[in-house]
Amino acid sequence: MSAINQTSQTDSRTTDDIVASADATAARLKSVRDAIGAVIFGQEDVVEKALVTVLAGGHALLVGVPGLAKTKLVETMGIVLGLDARRIQFTPDLMPSDILGAEVLEETPGGSRSFRFIRGPIFSQLLMADEINRASPRTQSALLQAMQEHHVTVAGVRHDMPRPFHVLATQNPLEQEGTYPLPEAQLDRFLMQVDVGYPDLDSERRMLFETTGDAEAAVQRVMDADELMAAQRLVRRMPVGESVVEAILSLVRAARPGEGDAEVDARIAWGPGPRASQALMLTVRARALVQGRLAPSIDDVVALAKPVLQHRMAITFAARADGVDVGSVIDRFIEQLG
């Protein structure tokens, strides 16, 4: 058999494996969405974006006013996905050691002394950083190494994070007094910024009956950590068409000063770096898998453009004074894709 035929058969088997794995994983993910939807009402888009973030192996920043089930969503996702989930309530007096852990001096019965590292709550598989902007920059930066490098260093010793490791942080857009805005370097570590809005009328009506009765909906585990990591590996193997790649590159590069048309350039203070392209490349694959498709489309790029780009760019003061916001600028880029 020639080398060309062998390569062709190998590629065919690889494709068949991806298709079979994608079909099985998509069915599993549908069960995951149904299980979460039994508890979280009226936030289907938010649930999808949170799942896409985790499938793509990243972290998400959930932005919304209090009472929109952000905390409940993370708690429910931890149970349904079979992950060790923990929550940290960020406050101005929170110290880095409160989340990372610290070394304590212990004395043995024989009289010898040694230091022992006691792990903090950051050592979890799904971490909810609640109201992250209320902590000081010093404490916020303690998360930075863990989010990017998947390990922390305490007293010169490296401590690896569990696998998988995801941070779903929340931020209240209303009260800014006593808060510390996240630095751009840390914002860039979030794969997506997910804006959490109010539920629609029907969902809120259902919520009234489901959550104020004497019976509470039970949350069931659907996947475990090993299955989730297998799904994450599958996402990276999914094919991406050339048209989708070009759409990603066009969108991200247009958001950089000097790359788009002059009118839009004048409104952009700074734009997204290559990490935005990488984020879109992963999230469009993950969204396709969540929706039961074998490959992403340009529609996926359009749907994820705003959550991937809006926290990775800024507009000028003059543009803000004219009533222009980041969302409307991104909408302009999306229009150009057509």
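**View 1. Met313 and its contacts in the predicted model.** In this predicted model, Met313 touches Ala255, Ile268, Trp270, Gly271, Pro272, Val326, Val329, Ile330 and Phe333. Residues up to four places away in sequence are left out of that list. Met313 belongs to the largest nonpolar core, a set of 73 residues. Ile36, Leu73, Met77, Met313 and Phe333 touch the most other members of this core. Phe333 therefore appears twice: as a contact of Met313, and among the core residues that touch the most other members.

**View 2. Helix H11 and the nonpolar cores.** Which helix gives the most to the largest nonpolar core? Helix H11, residues 274–290, does, with nine residues. Another core lies apart from this one. That core has 27 residues, including Leu100, Phe117, Val167 and Leu187.

**View 3. The aromatic pair Phe117 and Phe123.** A search of the whole structure finds one aromatic pair. Phe117 and Phe123 form this pair, with their ring centres 6.0 Å apart. The planes meet at 75°, and the pair is edge-to-face. Are Phe117 and Phe123 buried or exposed? Phe117 has a relative accessible area of 15%, so it counts as buried. Phe123 is also buried, because its relative accessibility is 4%. The cut-off for buried is under 20%. Phe117 is also one of the 27 residues of the core that lies apart from the largest one.

**View 4. Thr76 in helix H3.** Thr76 sits in helix H3, which spans residues 70–80. Its relative accessibility is 1%, so Thr76 counts as buried. What does the side chain of Thr76 reach at 2.7 Å? The partner is the backbone oxygen of Lys72. Thr76 also touches Ile36, Val39, Ile40 and Val219, again leaving out residues up to four places away in sequence. Of these contacts of Thr76, Ile36 is one of the residues that touch the most other members of the largest nonpolar core.

**View 5. Strand E1 between its partners E8 and E9.** Strand E1 covers residues 60–63. Which residues of E1 lie on each face? Ala60 and Leu62 are on one side, and Leu61 and Val63 are on the other. Both faces are covered, and all four residues are buried. E1 runs parallel to strand E8, residues 166–171, and four bridges join the two. E1 also pairs in the parallel sense with strand E9, residues 192–195, over four bridges. Leu61 stands opposite Ala169 in E8. In E9, the residue opposite Leu61 is Gln193.

Technical notes:
Residues numbered from 1 in each chain as written. Predicted model: local features only at pLDDT ≥ 70, side-chain atom pairs only at ≥ 80, totals over all residues. Heavy atoms only, no water. Buried < 20%, exposed > 50% of the residue type's maximum accessible area, 1.4 Å probe, protein only. Pairing = 2+ DSSP bridges. Core = buried A, V, L, I, M, F, W, Y, C linked by side-chain atoms within 4.5 Å. Contact = heavy atoms within 4.5 Å. Polar contact = N/O pair within 3.5 Å; in protein donor to acceptor, adjacent residues only side chain to side chain. Phe/Tyr/Trp six-rings, centres within 6.5 Å; stacked < 30°, edge-to-face > 60°.
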